[in-house]
Amino acid sequence: TFDYNSPYSILSFASEKNGIFTIKIKQFGEKEHIFTVGVLPKNEQASDDFYYGIQPYITRAYTWGEGFCVPGYNAEESVNKILNVAEYLGANLVREDSVGWGAMQSEPYGDLNYSVQDYLVKQVNDRNMKYNWLLGYNAGEWSTAPKYKKNYDESISWTYPPDIKLWNDFTNKVADHYADNTDILWEIWNEPNLFFFAGTSEEYFELLESTSKTLKSKNKSAFVYSGGLATAEKDTNSEYYQKSAELINKGLLDTFGYHNHDGLDNYYDYITQMLGLTNKAGLKDGGFNSESGVGGADASTIACKALYTRSTGAKGYVSFSFRKTVTPENDINDFAFFNEYLQPTETVISYATVIRFLGNAEFVKNISNEKDLVIDEYTKNGNKIEVYYSLGEKRKIASPEGEYKAYDMYGNSIEIGDKTTITNSPIYIVY
């Protein structure tokens with residue numbers, strides 16, 4: 001309906017189904033207007049039994065200028081807009097990796113500037129979400145380990161292993177400052193097995209152990225884990241998993257981190273290979289999938305990966321990435337599931353539906369762990385929930401027995417017959 005008495009027209013739209021709807025408006029004597037509207041219910045925030053995270057790059061919105069803000073809003077307004085949306089989805093963790101050492105300290109053993117981090121941590125924690133701090137990156141030539149200064153390249157300055165004495169001074173001050181905050185998760189460096197860390201694995205292991213000791217000495221309950229590994233399924237990562245197992249056994253780490261950006265064509269196989277390596281190394285849980293997305297941000301892929309991450313015994317999943325920016329060459333844009341105006345895509349709704357059904361549910365067991373048929377059982381408020389999905393080809397199976405309601409991957413009620421075809425689009429069965 002339109003209100004023609006106002007200086008502008010107001011359109012009201014409602015839907016009984018979740019989804020992305022295209023609205024077309026054509027007024028007499030006016031041009032046609034077409035836009036999309038995302039419809040999804042507000043979720044209850046997920047419990048800390050499992051972390052359903054996002055990576056919205058709020059530091060960039062706050063400090064990198066207009067091209068990284070939400071269009072029409074300033075830096076603080078943009079941060080609030082982004083986190084309000086995260087809160088609406090029910091997310092319980094925000095991963096942030098853009099506040100490096102160099103943004104906090106400018107000289108050896110100097111005082112630290114906590115202003116940006118204090119602001120961001122408070123904004124996240126005030127919404128009862130955890131702040132996943134990716135603690136890493138070199139601060140510049142002055143902070144670089146001596147052996148790397150001879151051929152120092154400014155263009156990759158942030159990747160060099162730090163002078164361990166200067167790094168320990170930095171992390172000790174950070175750990176002191178946030179010693180009383182139990183709502184921060186500490187991830188030690190980013191993809192240390194890739195070009196993000198230009199040193200050797202032994203140099204990373206020294207850094208990892210010294211940093212975890214520092215954090216745990218200041219706060220025994222701090223959640224600390226190793227930096228998420230890229231191509232986590234490769235045999236060359238075995239030494240990283242072995243070191244993580246050693247530090248977990250010493251009480252210095254809570255779990256290990258890994259990343260996965262594969263599509264469903266090889267996701268199951270790669271995760272199976274990774275878990276074979278972690279089990280051999282003596283790791284007892286499924287780690288922390290701290291960065292997981294796919295180019296094109298496919299709705300089925302994100303939902304399946306979030307589901308299977310929890311099914312394999314992990315402690316958390318961070319969907320990468322969150323929002324496009326108005327800077328077109330930004331490398332995160334192809335992975336984003338909101339547009340620059342924070343309008344959702346189908347991928348947003350599929351991930352929100354995972355949180356809606358399972359964010360406050362207890363994982364009971366994996367019933368089927370075949371590539372073409374994964375079935376997980378949960379319980380929530382006394383009700384049993386089963387989730388059916390395929391990480392490979394379609395499979396037709398006999399439908400569940402008993403009284404239940406079935407929902408598609410967007411949370412819409414569906415009817416199923418005697419047979420159900422299981423695809424990459426999850427089905428939720430609520431008894």
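Is C69 buried or exposed? In this predicted model, C69 is buried, with a relative accessible area of 7%. Buried here means under 20% relative accessible area, so C69 meets the cut-off. C304 is buried as well, with a relative accessible area of 0%. The count of disulfides comes to 0.

The parallel sheet was examined next. Its 8 strands follow the order β7-β6-β5-β4-β3-β10-β9-β8. This sheet is open, and the pairing is parallel. Strands β7 and β8 (257-260) form the edges, and each pairs on one side only. From one strand to the next, the twist averages 25°. In general, strands of a sheet pair through backbone hydrogen bonds, either parallel or antiparallel. At one edge, β8 is joined to strand β9 (residues 288-292) by 4 bridges, and the two run parallel. Here H259 stands opposite E291 of β9.

Helices lie against this sheet. Helix α3 (residues 115-125) crosses β4 (93-96), β5 (130-135) and β6 (184-188). The angle between α3 and β5 is about 145°. Helix α9 also packs on the sheet, where it touches β3 (51-54) and β10 (316-319). The direction of α9 makes about 155° with that of β3.

L134 gives a view from within strand β5. This residue is buried, with a relative accessible area of 0%. Leaving aside neighbours within four places in sequence, L134 is in contact with R95, E96, D97, E187, W189 and N190. L134 and G227 are 93 residues apart in sequence. In space, their C-alpha atoms are 7.9 Å apart.

Which residues touch the most other members of the largest nonpolar core? They are W186 and L358, in a core of 105 residues. Helix α9 (residues 346-358) supplies the largest share of this core, with 8 residues. A second, separate core has 8 residues, among them L373, I375, I427 and I429. Back in the largest core, W186 has contacts beyond its neighbours within four places in sequence. These contacts are W133, L135, V174, Y178, L215, A222, F223, V224 and Y225.

Helix α6 (residues 238-249) was considered in turn. It has 12 residues and reaches 17 Å from its first C-alpha to its last. This span is close to the 16 Å expected at 1.5 Å a residue. Its buried residues are Y240, Y241, K243, S244, A245 and L247. An α-helix has 3.6 residues a turn, so residues three or four places apart point the same way. The buried residues of α6 pack against α5 (201-218), β7 (223-226) and α7 (267-280). After α6 comes G251, whose phi is positive, near 80°.

E209 lies in helix α5. It is buried, with a relative accessible area of 15%. Not counting residues up to four places away in sequence, E209 touches K243, E246, L247, K250 and L252. Of these contacts, K243 and L247 are among the buried residues of α6. E209 and W167 are 42 residues apart in sequence and 12 Å apart in space, C-alpha to C-alpha.

A further sheet has antiparallel pairing. Its 6 strands form an open sheet in the order β11-β12-β13-β18-β15-β16. Which strands stand at the edges? They are β11 (362-370) and β16 (413-414). Each has a single partner strand, so one side of each is left without a neighbour in the sheet. Strand β15 (residues 405-407) pairs with strand β18 (residues 427-430) over 3 bridges, in the antiparallel sense. K405 has V430 of β18 as its bridge partner. Helix α9 packs on this sheet too, touching β12 (373-380), β13 (383-389), β15 and β18. Its direction makes about 20° with that of β18.

Strands β14 and β17 form another pairing. Strand β14 (residues 395-398) is joined to β17 by 4 bridges, and the two run antiparallel. In β17, T420 is the bridge partner of I397. In a regular strand the side chains alternate between the two faces of the sheet. Strand β17 (residues 419-422) shows this alternation. T420 and I422 point to one face and are buried. K419 and T421 point to the other face and are not buried.

Definitions and conventions
Residues are numbered from 1 along each chain as its sequence is written. This is a predicted model: local features need pLDDT of at least 70, side-chain atom pairs count only at pLDDT 80 or more; totals for chains, interfaces and linings use all residues. Side-chain values use heavy atoms; hydrogens and water are left out. A disulfide is a pair of cysteine sulfur atoms within 2.5 Å. Buried means under 20% relative accessible area, exposed over 50%, partly exposed in between (1.4 Å probe, protein chains only). A nonpolar core is a set of buried Ala, Val, Leu, Ile, Met, Phe, Trp, Tyr and Cys residues joined through side-chain atoms within 4.5 Å. Contact means heavy atoms within 4.5 Å. The expected span of a helix is 1.5 Å times one less than its number of residues. Two strands pair if DSSP finds at least two bridges between them. Axes are lines fitted to C-alpha atoms, for helices over the stretch in contact, and angles run from 0 to 180 degrees between N-to-C directions.
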